[in-house]
4 protein chains.
Amino acid sequence: MNVGILGATGYTGQELVRLLQQHPEAEITFLGSSSSAGAAYEEMFPQFIGSELGKLHDEQVPDDVDVLFCALPHGLTAARTAEWLKRGIKVIDLGADFRLKDPEVYRTWYKLEHPAPELIPEAVYGIPELYREEIKGKSLVANPGCFPTASILGLAPLLKKNLIVAESIIIDAKSGVSGAGRGASLGTHFSEVNENFKPYGVAQHRHTPEIEQQLSLAAGHSFKLNFTPHLVPMIRGILATIYAQVGDGVSEDTLRACWEEAYQNEEFVHVLPQEIWPQTKFALSSNHAFLQLKLDKRTGRVIIASAIDNLVKGAAGQAIQNMNIILGLPENMGLGARGLWP
Amino acid sequence: MNVGILGATGYTGQELVRLLQQHPEAEITFLGSSSSAGAAYEEMFPQFIGSELGKLHDEQVPDDVDVLFCALPHGLTAARTAEWLKRGIKVIDLGADFRLKDPEVYRTWYKLEHPAPELIPEAVYGIPELYREEIKGKSLVANPGCFPTASILGLAPLLKKNLIVAESIIIDAKSGVSGAGRGASLGTHFSEVNENFKPYGVAQHRHTPEIEQQLSLAAGHSFKLNFTPHLVPMIRGILATIYAQVGDGVSEDTLRACWEEAYQNEEFVHVLPQEIWPQTKFALSSNHAFLQLKLDKRTGRVIIASAIDNLVKGAAGQAIQNMNIILGLPENMGLGARGLWP
Amino acid sequence: MNVGILGATGYTGQELVRLLQQHPEAEITFLGSSSSAGAAYEEMFPQFIGSELGKLHDEQVPDDVDVLFCALPHGLTAARTAEWLKRGIKVIDLGADFRLKDPEVYRTWYKLEHPAPELIPEAVYGIPELYREEIKGKSLVANPGCFPTASILGLAPLLKKNLIVAESIIIDAKSGVSGAGRGASLGTHFSEVNENFKPYGVAQHRHTPEIEQQLSLAAGHSFKLNFTPHLVPMIRGILATIYAQVGDGVSEDTLRACWEEAYQNEEFVHVLPQEIWPQTKFALSSNHAFLQLKLDKRTGRVIIASAIDNLVKGAAGQAIQNMNIILGLPENMGLGARGLWP
Amino acid sequence: MNVGILGATGYTGQELVRLLQQHPEAEITFLGSSSSAGAAYEEMFPQFIGSELGKLHDEQVPDDVDVLFCALPHGLTAARTAEWLKRGIKVIDLGADFRLKDPEVYRTWYKLEHPAPELIPEAVYGIPELYREEIKGKSLVANPGCFPTASILGLAPLLKKNLIVAESIIIDAKSGVSGAGRGASLGTHFSEVNENFKPYGVAQHRHTPEIEQQLSLAAGHSFKLNFTPHLVPMIRGILATIYAQVGDGVSEDTLRACWEEAYQNEEFVHVLPQEIWPQTKFALSSNHAFLQLKLDKRTGRVIIASAIDNLVKGAAGQAIQNMNIILGLPENMGLGARGLWP
């Protein structure tokens, strides 16, 4: 099976290469980049030296690609997806173009007219733990954002069972710096970021409508929540700390049982033993997610923590998981490695 | 003026030395340590080499000490405070012994019978921005905890004016590792902490009742809140992200005006210009605190961020600020330095 | 094939588990620990949750173990190796017990009478790039130290060809903190180590005689060198910067050609393209080593840089590489993953 | 006394502001920046909020400036220095323009024709510990580079006394990321730099001729050495590890005695007690330098370590020390603060 990667020089692109090299059925045959076409990939990224990855191409996708991973800025993928689909290519979009169901919401948050609104219904939102059956056989996957993945894994089962009050949800999320991408800026400068911690995009981060959309579907009604991301002086990892009022009479055991039922057969989502709280490093370099909760009886709120690696379960790993599902391969193929510790 | 420090080898102790060396009226004449008595201070801590700080003493406080800073584990200070006060020594306790007004609450959270409950009413809670007048002339100051300082500065003015709903308050706090002290443990091991982020003490951190006590006083009624600390892979700094439902008809301008009125004459507390959000590094090594807020009209909640250096405004710096007030010195004496950047 | 690990709770032990989980022929059937026997491995190390690794045993190695990895403090392995060998177990010692050929040198540097000097000649020094043929069929491998691996890979080929002056060699090495192990101490405390850089063990580090022994063998005569390790505020990685006077008339091309000949068929050792200097992150989490050199004509010295991951090529990965060779498996089995970036 | 800063938005510029705010005789009256003229300094750098620093000006230096600190890219200062000197302004150049005595060497290493070679003899090289008497009364100071400061403090006294062999000197230096300045690039991107260590500028760093010039003066003859800088994943700090062959019969005691004589009256340079090796954090945020050495009798080489904060003793602090000397103020005025720990 031939796989191609558009946006191969970004962090998500590099992570796709690293993971796909471990995938027994996938062969990377196309690496595309608008900015670095012609460069030898392994000289740009010497961690791969000797892998025979060849040169970067421009963004013209060749015909022999079976599965195309798109790790491009928003807008660029949607404009070309129809052509790829027509050529029979499976498209897994790691960008934002097909995550939001409503093109108006897309325009509001991404300041762009959606380039292909007619394709939105063709796309499935790629969280396998929620949409496994819908993903099978699809040709277009909207791979979720990193913050939404961590948040939705923690909340969707509880909302589906109506155990928490949707409108009370507050998501206080923390991300490593790689979430900002490979572009150099003052905001990613080591000397500005290290030994520092800050919130950003307060009440205006683009992952907000994506989270609200999916959780509204889970809850069965539309609602708004608070989502505040923060920047942690580390490279990888997301931890979402989530607060919600529980429904009348709901106990901690009920909440936990709900999670355990939802995730008992999931290889990549782990409800931790009581009192072991998620750490982002549990997930480092792996496709695994870690969950914990506690009901604070003093206030009637449940506190949830959910941890993933933003570049794996939050991007490249989940994308490969989706590819495996589409192609009928074992879902964990190439994704078996556990977290790097220390 | 002669000052002494008990617990001089801990991080708070070292920070007191560093700051007091810059104080024109204070002379460090006594450094006490139960574990390292007899050791040459500057050999243990070569950053001070050539300062003529001499050897560490045991914990017998000599008579010529005018002001005593106690940076000891809880329980140890209270047991000896009466004697020090009797000898005319001003006592500034950087531990927890005199922060809680109710010895029952102390017992519940610190698992210890309070050694000197009769002294609790003698102590003033040392946040100058709230209790400046009470601090003047006092002989016993309960220097606040680091998380409480950051939280209370953000919330107290709004609660006093009844602009937010007390019971809705959620404090999601993040701390650098120095907050855990100088003791070596797996939890402070570089290889476990770096490139990692985690919550800890969920729904059971000892700063919870301290925050609740002070904010209940501000609100005029008793209430409970959620407080969740997290460990950030950095050495210093606290950022508290706070969520609260605003009162009916309360606008962002009203909230901001409340803060500005409260802090207009405060040298160490800064309401940042709109859209500039606090970063812990703004405060690094300084006694300054930084505040920002935003009202999310979609949910009716205000999001507040408050940043300090946990070892300065959250410990040693605020203690010196309190000393200055007690002694009638300019409140900023020795505390003028601004944050280290980068 | 059943593999066992003694010292399974240390960093090397955890890394062996992580890597062996990816090895198609190895099954981990025994995890031993003197300090944590009885504990559930996955609760101690939740990155492995759901892996069915079971409980930690004490250090009694069961009979069904085919290959035993020993990651124990020095002295403990040698005392029991004879028994294991008698039972037909292949032993790969990641400690120091069998690295030095001369028990006198062992006693001098490790302050211990060697527990089994008669076994020293049975052991092969496990750098496959130097001793591949000797390793095949051996039952006892002395897996090299991390600093020696990085240093020897850079120097041995040049010394064998007599291109540099042995006595002029200076190795200035830098290591991440995981090299100090999982034990908590002030020296590994995050707040002491982060934003800090220091030399340690100057002119007395135990890897000195190991490097000298191997390089003396390569040079064909005995000599001494300078080796200075430093602690870098990062978790993993070693970079050795090496200085040596070149022989008369030796050019940079000659030096490079010597390396290229030595490593042209090596999968795990890479001579980088000119002017691309090794970074430890190239090697992060992988078994690959990266080399570069430059001849400074102004001084007649060659400057060499060599980078590895101390826990992989410097410990667990090289141990598995040695296991593969002993057992006649493809040398890279289970070791294919490339470096984690970013 | 009115001081001005050109290049006030860079890291050296910010550090000058931070330190000068603590200087009792200096008032910052002019902050110049070619790129940010017109911006409010405290909004760009909120650590200074409330300091009344006003707006950034362009680079036209007003007449009322008594002392001008220039933290500009090379070439820009020299082109305007004559005019400033004519106006009676004392000029302290933190750039490279006046460090090298030979304009040919400047052209070779900086790829630029020196804009004002006739002024080079007017400048004094600003290491007070070597050139205190020459600095007094001068109007133009070439403030040394950070690597040269650390290197020269360790080596100059030993070379003056002819205790080490000049031609054998190897300087293996390590720097925090702030040394690369505030400009954003892939090379300063957090995700590329953190958990990473690398050499750079091997055998071609511009500080090489500066070090060679000063050490040749100390040795009394011209010679070349090896200098290799490395990038440490920390913000501040330089540690130079230095190797040199000692002269015949020279003992460790002789070397140490030489240093102690040279630095016995120096407030900012500390020869540490035996076996306490410099750590960069000893110097963090302070103007102090820390030295240690050991003679390795096995090889006849002395190993020296020298640590400073690159932005203080390696830039802004030393500049203020020079200003104090020029103006006849106490040399330590405004520079009393000790290192920030942890």
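**Polar contacts.** I began with the polar contacts of this predicted model, and between chain B and chain A I counted 40 residue pairs in polar contact, both residues of a pair being at pLDDT 80 or more. I then asked which element of chain B gives the largest share of the side that touches chain A, and found strand 7 (residues 170-175) of chain B, which contributes four residues. Sorting the residues on that side of chain B by character, I noted 21 nonpolar, 13 polar and 15 charged.

**Salt bridges.** Turning to the charged pairs, I found four salt bridges across the interface of chain B and chain A. One of the pairs I looked up joins B:Asp172 to A:Lys174, with 2.9 Å between the closest N and O atoms.

**Contact and buried area.** I recorded 49 residues of chain B in contact with 49 residues of chain A. The area buried between the two chains comes to about 4100 Å², and carbon and sulfur atoms give 53% of this. Which three residues of chain B supply more of the area that it buries against chain A than any other three? I noted B:Glu195, B:Phe197 and B:Arg298, which together supply 17% of that area.

**Relation of the copies.** Finally I looked up how chain B maps onto chain A, and a rotation of 180° with 0.0 Å of shift along its axis superposes them with an RMSD of 0.0 Å. The two copies are therefore related as by a two-fold rotation axis. I also checked the interface residues of chain B, and because 100% of them are interface residues in chain A as well, the copies meet through the same surface.

Technical notes. Residues are numbered from 1 along each chain as its sequence is written. Chains are lettered from A and ligands numbered from 1 in the order in which they are written. This is a predicted model: local features need pLDDT of at least 70, side-chain atom pairs count only at pLDDT 80 or more; totals for chains, interfaces and linings use all residues. Side-chain values use heavy atoms; hydrogens and water are left out. Copies are superposed by least squares on the C-alpha atoms of residues with pLDDT of at least 70 in both. Contact means heavy atoms within 4.5 Å. Buried area is the accessible area (1.4 Å probe) that two parts lose on being put together, summed over both. A salt bridge is a side-chain nitrogen of Lys or Arg within 4 Å of a carboxyl oxygen of Asp or Glu. A polar contact is a pair of N or O atoms within 3.5 Å; within protein, one must be able to donate a hydrogen and the other to accept it, and residues adjacent in sequence count only if both atoms are side-chain atoms. Helices (H or I, at least four residues) and strands (E, at least two) are DSSP runs, numbered from the N terminus. Ala, Val, Leu, Ile, Met, Phe, Trp, Tyr, Cys and Pro count as nonpolar, Asp, Glu, Lys and Arg as charged, and the others, Gly among them, as polar.
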